[in-house]
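Visitor: I have a chain in front of me and would like to learn how to read it. Could you take me through it one feature at a time?

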Amino acid sequence: RSVDEWAQSYQDWQKTHQLGGPESSAFFAPPKRGAKDRTTSMVAATKKGAIDTKRSNSFVAVGPLLYRYFLNLWFNPGILGTRIAMYSMLALMVGGLFHELGDRTDYESIISRTAVLFYCVAFFIFMSVAVLPFTVMERGIVDKEVLNGYYHPIAYQVAQGLATIPAAGVLAGLTSVIVVLLLKLNDGWWYFLNMFLALCTSEALAQMVSHVVPHFVIGMAGIAGLFGFFMLFMGFMVIPSDFPDGLKWTYHIAFHTYSWRTFMVTEFQSLKFDDPMSPFQTGHDVLKFYEIEDVNRWNDMIVLACYAVGIHLVSFAVLVIRYSYFKGKITSLNGKKHPEREFEKGSS
């Protein structure tokens with residue numbers, strides 16, 4: 001047959017088999033099976049009653065979402081395992097470079113302590129960007145489930161927020177044990193609590209950005225910029241009183257500020273130094289130099305916790321706006337009913 005004859009045959013077939021045409025129902029209908037083709041499970045299924053199912057807009061969906069998240073971690077251990085390896089390796093490097101720093105009382109130890117604590121706040125928190133690609137890649141599935149009404153987007157955000165808590169606890173615990181023991185820093189409990197809340201806040205921020213950006217590379221660039229902004233204005237490089245008048249507000253916006261100064265107070269508040277050439281004879285002198293001598297650690301921990309909750313609330317709003325005003329509702333087959341469904345109604 002010629003090309004023109006094949007084209008004409010296809011057009012004739014399309015007129016009868018196109019969606020909604022007279023032959024389309026039969027085309028989409030499932031193949032008929034004889035009695036011999038039916039398996040034992042198929043026969044048993046015909047004897048069971050109908051199962052009532054429904055889509056849920058309540059927080060009942062939080063449980064299954066959490067279960068799916070941890071099941072994904074179980075079958076893909078590299079998601080969390082890679083981060084555990086990175087945190088452990090860097091903590092060991094810090095411990096090897098500044099081994100037994102806590103036993104020293106010279107002026108150089110003051111500089112080393114402040115540098116180590118800045119690094120712990122800056123880099124361990126910065127590595128939370130690793131969670132962003134997995135959140136963005138999962139968004140396609142979440143879009144389908146939310147737009148089909150399986151659960152409310154707020155339920156998804158609650159599940160995500162709860163799911164990050166164990167991971168933050170594991171990572172904070174690893175870094176605390178390694179760094180505090182090798183460096184012999186003061187009060188490991190405060191180190192763990194501080195790092196845990198800081199990681200919860202940073203991961204909440206990474207999740208919020210993942211809801212907005214179209215691709216995880218853009219999100220990682222945005223998070224890197226935000227964390228760089230916070231590092232610059234946390235009070236380590238420039239003390240707060242030296243900030244320009246138009247930038248003084250940035251000191252209180254950066255959540256790194258509350259984490260770093262809690263580390264500093266925990267480490268320096270009870271120290272004394274025996275270096276006669278040092279401008280700092282006590283840890284209080286160091287804190288006074290950085291203008292954090294009056295810091296209340298519990299207040300800063302409450303601020304970090306509220307910071308994380310506040311970011312999650314912003315994420316709630318972002319998700320609701322996104323699925324309510326930008327995505328709309330799914331209308332299958334351009335508003336037409338599926339031919340297979342019509343065939344089933346006609347056959348019944």
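Visitor: How much surface does the chain expose, and what share of it do carbon and sulfur atoms supply?

Guide: Accessible areas come from the Shrake-Rupley method with a 1.4 Å probe, and for residues only the protein chains shown count as cover. Here the chain exposes about 19700 Å², of which carbon and sulfur atoms supply 64%. Please keep in mind that this is a predicted model, in which local features need pLDDT of at least 70 and side-chain atom pairs count only at pLDDT 80 or more, while totals for chains, interfaces and linings use all residues. Residues are numbered from 1 along each chain as its sequence is written, and side-chain values use heavy atoms, with hydrogens and water left out.

Visitor: How many helices and strands does the chain have, and what percentage of its residues is buried?

Guide: Helices (H or I, at least four residues) and strands (E, at least two) are DSSP runs, numbered from the N terminus; this chain has 16 helices and 0 strands. A residue is called buried when its relative accessible area is under 20%, exposed when it is over 50%, and partly exposed in between (1.4 Å probe, protein chains only). By that rule, 41% of the 348 residues in the chain are buried.

Visitor: How should I read a single helix, and what span should α11 have?

Guide: The expected span is 1.5 Å times one less than the number of residues. Helix α11, residues 216-232, has 17 residues and should therefore span 24 Å, which agrees with the 24 Å between its end C-alpha atoms. Within α11, the residues G219, I223, F227, F230 and M231 are buried. They cover an arc of only 105 degrees around the axis (taken from the directions from the helix axis to the C-beta atoms), so they sit on the same side of α11.

Visitor: How many salt bridges are found in the whole structure, and which parts does the pair of R68 and E145 tie together?

Guide: A salt bridge is a side-chain nitrogen of Lys or Arg within 4 Å of a carboxyl oxygen of Asp or Glu, and a search of the whole structure finds 8 of them. In one of these, the side chains of R68 and E145 meet at 2.6 Å, N to O. Because R68 lies in helix α4 and E145 in helix α8 (residues 139-147), the pair ties together parts that are 77 residues apart in sequence. R68 is partly exposed at 28% relative accessible area, whereas E145, at 18%, counts as buried.

Visitor: Are E203 and R83 buried or exposed?

Guide: E203 counts as buried at 2% relative accessibility, and R83 counts as buried at 5%. Their side chains meet in a salt bridge of 2.8 Å, N to O. Since E203 belongs to helix α10 and R83 to helix α5, this pair ties together parts that are 120 residues apart in sequence.

Visitor: What is the phi of E100, and where is E100 found?

Guide: E100 has a positive phi of about 55 degrees although it is not a glycine, and it is found in the loop between α5 (78-97) and α6 (107-126). K184, also a residue other than glycine, has a positive phi near 55 degrees and lies in the loop between α9 (153-183) and α10 (188-210). E100 is partly exposed at 34% relative accessibility, and K184 is partly exposed at 38%. Together with D103, E100 and K184 are linked in a network of salt bridges.
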